[in-house]
Structure formats: structure tokens, C-alpha cells
Amino acid sequence: MQKKISIIALICLLISVNLHSGPTYQAPVLITSAGQSADVKLVGMLVKKAGIEHAVELAATEKSLAGKKTLIIVPGFSSKGLGAAGVSAQDEMNRVKALLAAAKEKNIPVILVHVGGSARRYGQSDQFIQEVGQYAKAMIVVEQGNEDKYFSKLSSEKHIPLMLVPKIAAAGEPLAQLFK
Amino acid sequence: MKKNQINTIVILIVVLIIDLIAAREFIKMRYPEALSPASGLTEVRPLSCYNPYLKGGHGDTDIYIFDSGKPGASVLLLGGTHPNEPAGFLTAVLLVENVQVSAGRLFIIPRACQSGFSCTDPFEAYPQFYHVETNSGERRFRFGSRVSNPLDQWPDPLVYCHHPSGQKLSGFETRNLNRSFPGRKNGSFTERVAYGIVELIRQEKITLAFDLHEAAPEIPIINAIVYHEKCEDLALMVVMNLEMKNLEYAPELSPKNFHGLSHREWGDYTNVQPFLMETSNPIQGRLRGKTNEALVRFGKSRRYQEAQESGALRIAYQADTGESLERRIGRHLQGFKEILAVYNETAAEDTRFVFSGLPDYHELIQNTLTPYLK
């Protein structure tokens with residue numbers, strides 16, 4: 001009898017481990033910018049290298065979320081990027097806010113990936129980071145962008161897991177791990 | 001003679017003497033500095049070969065050609081598009097005086113806006129010259145204007161209407177070479193120069209083209225590689241590779257709706273893959289403090305250090321070393337080398353560009369400019 005109980009308990013344990021060891025995040029992934037910097041393209045390259053099914057849209061909207069299971073947002077302000085998109089900084093912020101709200105409504109988890117280092121920090125970049133940080137379930141950040149512990153504080157305040165990497169190329173590994 | 005007549009004559013003589021001294025100082029800037037090209041130089045060709053309307057004029061700048069005689073890519077490098085950005089010009093000079101090309105051809109225009117080297121910008125208190133120590137003594141270089149000399153193109157319209165896009169900019173920009181591409185064969189003085197450069201790209205079938213610039217530390221597009229969308233994959237790979245070498249560059253996609261710039265118009269009107277690189281130059285900034293030759297040469301500004309420490313805005317300024325010419329030229333050289341290295345990785349053997357003789361960023365910081373400028 002005890003042996004039967006032990007076997008049943010072991011089977012239950014194995015099933016529960018299996019259930020909880022599935023990927024936290026799922027493909028297909030939508031990758032977009034918050035601030036229109038070209039960093040979103042770098043992240044697209046990393047995700048492609050990791051073999052994760054994805055689409056990159058610089059100015060994604062709610063419609064872009066159709067069929068997507070995870071949203072990766074790459075914050076970083078670029079005046080050239082905004083000029084290329086023909087939008088103002090306020091237009092861009094409105095788009096990002098609407099997209100995040102839609103993702104929340106559809107239960108699509110958000111990952112914040114910041115690879116621009118100190119070049120994509122402060123001023124308007126931080127405003128975009130703050131907005132995305134309200135919704136992010138995980139953050140992957142190149143260390144140079146966290147020299148003042150900005151992301152560390154955000155992680156602590158919002159209880160968001162933070163993965164710091166030394167270089168852009170190193171961000172691929174934690175990204176791949178999130179989808180395993 | 002009455003006393004007031006004598007006074008008038010004395011004043012006139014004094015004014016004439018001052019004018020003559022000032023005129024002599026202004027005219028000094030009209031003489032180009034001599035360059036000492038490396039042994040691989042095969043030809044110096046005037047830009048008027050690509051636009052006869054430039055012939056013999058102040059826009060007819062020299063193109064230094066290094067033809068290896070072996071199959072390979074043709075590459076163009078521009079310095080001095082804005083003559084008040086010394087690192088762009090001096091990077092081109094360093095290449096002229098050191099590069100060895102073993103496959104392909106290299107076209108270097110150190111003074112793309114030759115006219116702009118003959119004056120400085122009014123109200124900026126820029127020095128006319130700066131000096132660099134070399135193994136053969138001190139060399140003097142001109143610190144020019146951002147735009148063509150108004151003696152070569154005047155007057156400025158109230159509104160500059162870019163050809164052919166119709167984009168409207170401040171009238172001052174009509175003399176800005178980097179707002180004039182693709183240019184016009186017989187347009188304004190600056191448009192003719194722009195046209196000549198674009199024709200060079202077309203006729204010589206240039207594969208990759210570089211335009212080297214600098215900007216104030218407080219502006220957003222700084223320490224950046226600006227690229228046309230057709231070379232995006234290459235640019236992004238370069239940014240990642242440079243980061244592995246501890247050199248951060250921000251990738252910036254050339255906006256499709258901002259016309260006249262090299263990274264936009266070269267890519268739209270020719271088959272070339274264009275890149276524009278920016279470094280941080282404190283003397284161009286609004287917070288610079290004392291504006292003198294030392295600031296050009298060593299890029300050390302207490303005001304920028306204070307601004308950076310205040311955290312009020314993002315400043316691209318290296319507080320411990322300043323933004324020396326070595327650092328700025330080193331960044332341009334490293335970007336140039338890395339872009340070509342990544343290009344060569346996927347190019348067929350007979351379309352690669354192979355070269356040597358140039359220091360990398362760390363060598364330049366360690367050795368300074370002295371051994372590399374003849």
C-alpha cells in the first residue's frame with residue numbers, strides 16, 4: 001500500500017514538474033520599438049538567431065498583435081527614427097501606451113529588451129522605458145544602460161525579473177532561455 | 001590743414017592698416033595644406049572630371065585615388081563635408097598618407113566642401129587653424145566653416161528649396177553640402193559639388209561610400225553610424241562587432257523623408273551602400289566654454305564635464321580623457337575598418353576591398369597622431 005502511494009505521489013510530482021517546466025513565453029513574437037530607435041532591428045537579429053518565430057514592426061499597433069503570443073518592446077528614443085516614421089514623440093508615446101493596454105487585455109506578456117546602452121537612456125528614452133516597465137514581465141538589459149541602476153530599481157519596484165548582459169550579442173542567450 | 005582733417009586722415013590710415021592685417025589673416029585660409037600621400041597613390045583627379053561646371057573654381061576639390069590594379073570593390077571616403085568637423089577631414093588625411101590598397105580601389109576626398117575651408121563661421125569665435133605634432137614637425141590645418149564660403153555662393157535665399165524633393169529648409173542650408181545631394185550639374189555652387197560627388201559614385205561604380213562627420217556632444221545623433229535601409233544588416237552587424245571591441249555606436253536608420261543628406265540621397269540615386277559616421281566634438285557645442293585651438297585638439301571642456309555630471313541631459317563626453325582628435329579619428333577609423341570587414345565576409349573574392357597600413361582605435365590612442373601624419 002505504501003509502495004502504491006509512493007508511486008502515485010511520484011507520478012503526480014512528475015506531472016506537476018512537466019506542467020510547470022513549459023516555456024514561460026511562447027512564439028510567435030511581435031517585436032516593436034518604443035521611441036523608434038534602430039535597436040529594435042538588433043533585437044530582431046538576436047531573436048532570429050535564437051530560432052524564435054517572430055515579426056518585427058517598428059510601429060506596431062493593436063492589430064499587429066493578432067496571432068502573437070508574446071510582445072517584445074525595445075525602448076530607445078531616436079529623433080531620426082521619429083522623423084523617418086513621420087511622427088512626434090507624443091504620437092509615439094500614445095501608440096506605445098495603446099499597444100501595451102491591448103497586450104494586457106489580450107493576456108499577451110510583455111518583455112522589455114534594452115540594448116542601446118547609455119546612448120538610449122535619459123530624457124525621452126527614460127519616459128518610454130518607464131511606460132513599458134509598467135507592463136513588462138521580464139527585462140533583458142545591456143549593463144551599460146544600467147550604470148545608474150535605473151533598471152535595477154525598476155525591477156525592484158515592479159518585481160520584474162531583470163537579466164543583465166555585458167554586450168548586445170550576449171542578450172541572445174537569456175532571450176532564448178525565456179522561450180525554452 | 002585743420003585739426004579735424006588731420007584726425008580724419010589719421011583715423012583712415014589706422015583703419016586701413018587694421019584692414020590690411022585682417023585681410024592678410026582672412027587670405028591665409030585660402031591656401032590648402034599640403035598632403036604627403038602614401039606610396040600606393042595612383043592618381044590625383046579633380047572633381048571637375050565628374051562635373052565640368054566645377055572646373056578651375058573653388059569647388060573643384062582633389063580626389064586621391066589608390067588603385068591596386070587588382071579586382072575588388074571600389075570605395076569612396078569623404079572628409080571635410082563640413083570643414084568645421086576636423087576629425088572627418090583628418091581621418092581622410094590619415095588615410096591618404098598611410099593606406100595601402102591590395103585589392104580594389106579607394107577614392108578619398110579629404111576636402112569635400114573645399115570652399116568651406118577658406119573661412120570660419122561668423123559669431124562662433126572658432127580659431128582659424130589648429131596644429132598637430134608630427135615626426136617631421138608641427139603641421140597646421142585649417143578649421144573651416146560648416147558651409148561653402150559666401151564669397152563662392154551669395155546671396156542665401158530666405159528659404160532653401162531642395163532639388164529635386166522640394167523640401168524646404170532655412171536659407172542658410174543652401175550652402176550646406178550635406179543638404180545638397182544629389183545636386184545639380186549646373187545648379188548653385190554647392191549643388192554642383194554635390195552633383196560631382198554623386199557622378200563619381202555612379203561612374204566609378206562605388207560599392208561602399210563613407211561620409212565622416214562630427215557633432216556637438218549634446219545632440220541626439222552622436223557616436224553613431226547612420227545607414228541607408230539597403231545596408232541595414234551590414235550596419236547592425238558592425239554595431240554589434242564594434243561593441244565587442246568596447247566601442248559603442250548607436251545605429252541610426254536614415255530617414256526617408258529628410259532629403260539632401262549623403263546617407264539618403266547616395267543610397268536613393270545610386271547603387272552604393274552609404275554610411276555616415278558621427279563623433280562627439282565639444283567645440284561645436286553650445287556648452288563649450290573657451291573656444292580655442294586646445295579644444296579642437298584635445299576636446300577637454302570643464303563645462304561639458306559639469307553638464308554630464310549634472311545628469312540633466314545626455315552628453316556624449318569622455319570626462320577622463322576628453323574628446324581628443326585621436327579618440328574621434330580613432331572611432332572613424334575603427335568604424336571604417338569594421339564596415340569593410342563585415343562587407344568582405346560575404347563578398348565574393350573578386351569584389352572584396354583589401355587594405356592595410358591604418359592604425360586601429362587603441363593604437364591611435366596609445367601612439368597619438370604623431371607617427372601617422374607625415
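**Entry 1: a cysteine to start with**

I began with B:Cys119 and asked myself: is B:Cys119 buried or exposed? It counts as buried, at 10% relative accessibility. I keep in mind that this is a predicted model, and I read every value that way.

Next I looked for disulfides over all chains, and the count came to zero. For B:Cys119 in particular, the nearest cysteine sulfur belongs to B:Cys113 and is 8.3 Å away, so the pair falls outside the 2.5 Å that a disulfide needs. A reminder to myself: a disulfide is a covalent bond between the sulfur atoms of two cysteines.

I also checked B:Cys161, which is partly exposed with a relative accessible area of 42%.

**Entry 2: getting to know chain A**

Then I turned to chain A as a whole. I counted seven helices and six strands in it. Reading from the N terminus on, I wrote down the order α-β-α-β-β-α-α-β-α-β-α-β-α.

For the dimensions, I found that the C-alpha trace of chain A spans about 75 × 35 × 30 Å along its principal axes. How much of chain A is buried? Buried residues make up 48% of its 180 residues.

I looked at the surface too: chain A exposes about 8700 Å², and carbon and sulfur atoms supply 56% of that area. Among the contacts in chain A with a separation of 6 or more, 76% are between residues 24 or more positions apart.

**Entry 3: the nonpolar cores**

Which residues have the most contacts inside the largest nonpolar core? I noted A:Ile72, B:Leu90, B:Leu106, B:Phe210, B:Phe275 and B:Phe336, in a core of 88 residues. The list names residues from chain A and from chain B. Apart from this core lies another one, of 27 residues, including A:Ile73, A:Val132, A:Phe151 and A:Ile160.

I picked A:Ile72 for a closer look. Leaving aside neighbours within four places in sequence, its contacts include A:Val29, A:Leu30, A:Ile31, A:Thr32, A:Val43 and A:Val47. A:Ile111, A:Val113 and A:Leu175 are also among the contacts of A:Ile72. As background, nonpolar side chains tend to be buried together in soluble globular proteins.

**Entry 4: a nonpolar patch on the outside**

I went looking for nonpolar residues on the surface as well. B:Ile6, B:Val10, B:Val14 and B:Ile18 form a patch there, with about 330 Å² of accessible area together. I placed B:Ile18 in helix H1 of chain B, which covers residues 3-28.

**Entry 5: salt bridges**

How many salt bridges are there over all chains? My search of the whole structure gave 29. Side chains of opposite charge can pair when their charged atoms come close.

My first example is A:Asp148 with A:Arg121, whose closest N and O atoms are 2.9 Å apart. A:Asp148 sits in the loop between strand S5 and helix H6 of chain A, and A:Arg121 in the loop between strand S4 and helix H5, so the pair ties together parts 27 residues apart in sequence. A:Asp148 is partly exposed at 29% relative accessibility, whereas A:Arg121 is buried at 2%.

The next pair is B:Glu204 and B:Arg45, with 3.0 Å from N to O. I found B:Glu204 in the loop between helix H3 and strand S10 of chain B, and B:Arg45 in strand S1, 159 residues apart. Both partners are buried: B:Glu204 has a relative accessible area of 14%, and B:Arg45 has 18%.

For a local pair I chose B:Arg302 and B:Glu306, at 3.6 Å between the closest N and O atoms. They are four residues apart in helix H7 of chain B, so about one helical turn separates them. B:Arg302 is exposed at 58% relative accessibility, and B:Glu306 is partly exposed at 36%.

Elsewhere in chain B, salt bridges with shared partners join B:Glu43, B:Arg45, B:Arg105 and B:Glu204 into one network.

**Entry 6: a buried asparagine**

My last stop was B:Asn281. Where is B:Asn281 found? It is in the loop between strand S13 and helix H6 of chain B. At 0% relative accessibility, B:Asn281 counts as buried.

Not counting residues up to four places away in sequence, B:Asn281 touches B:Asn84, B:Glu85, B:Pro86, B:Glu214, B:Ala215, B:Ala216, B:Pro217 and B:Arg328. I also compared its position with that of B:Gln203: the two are 78 residues apart in sequence and 34 Å apart in space, C-alpha to C-alpha.

Technical notes: Residues are numbered from 1 along each chain as its sequence is written. Chains are lettered from A and ligands numbered from 1 in the order in which they are written. This is a predicted model: local features need pLDDT of at least 70, side-chain atom pairs count only at pLDDT 80 or more; totals for chains, interfaces and linings use all residues. Side-chain values use heavy atoms; hydrogens and water are left out. Patches are made of residues with over 30% relative accessible area and no salt bridge: like charges are joined within 9 Å, nonpolar side chains (Val, Leu, Ile, Met, Phe, Trp, Tyr) within 5 Å. Accessible areas come from the Shrake-Rupley method with a 1.4 Å probe; for residues, only the protein chains shown count as cover. A salt bridge is a side-chain nitrogen of Lys or Arg within 4 Å of a carboxyl oxygen of Asp or Glu. Helices (H or I, at least four residues) and strands (E, at least two) are DSSP runs, numbered from the N terminus. Buried means under 20% relative accessible area, exposed over 50%, partly exposed in between (1.4 Å probe, protein chains only). A nonpolar core is a set of buried Ala, Val, Leu, Ile, Met, Phe, Trp, Tyr and Cys residues joined through side-chain atoms within 4.5 Å. Contact means heavy atoms within 4.5 Å.
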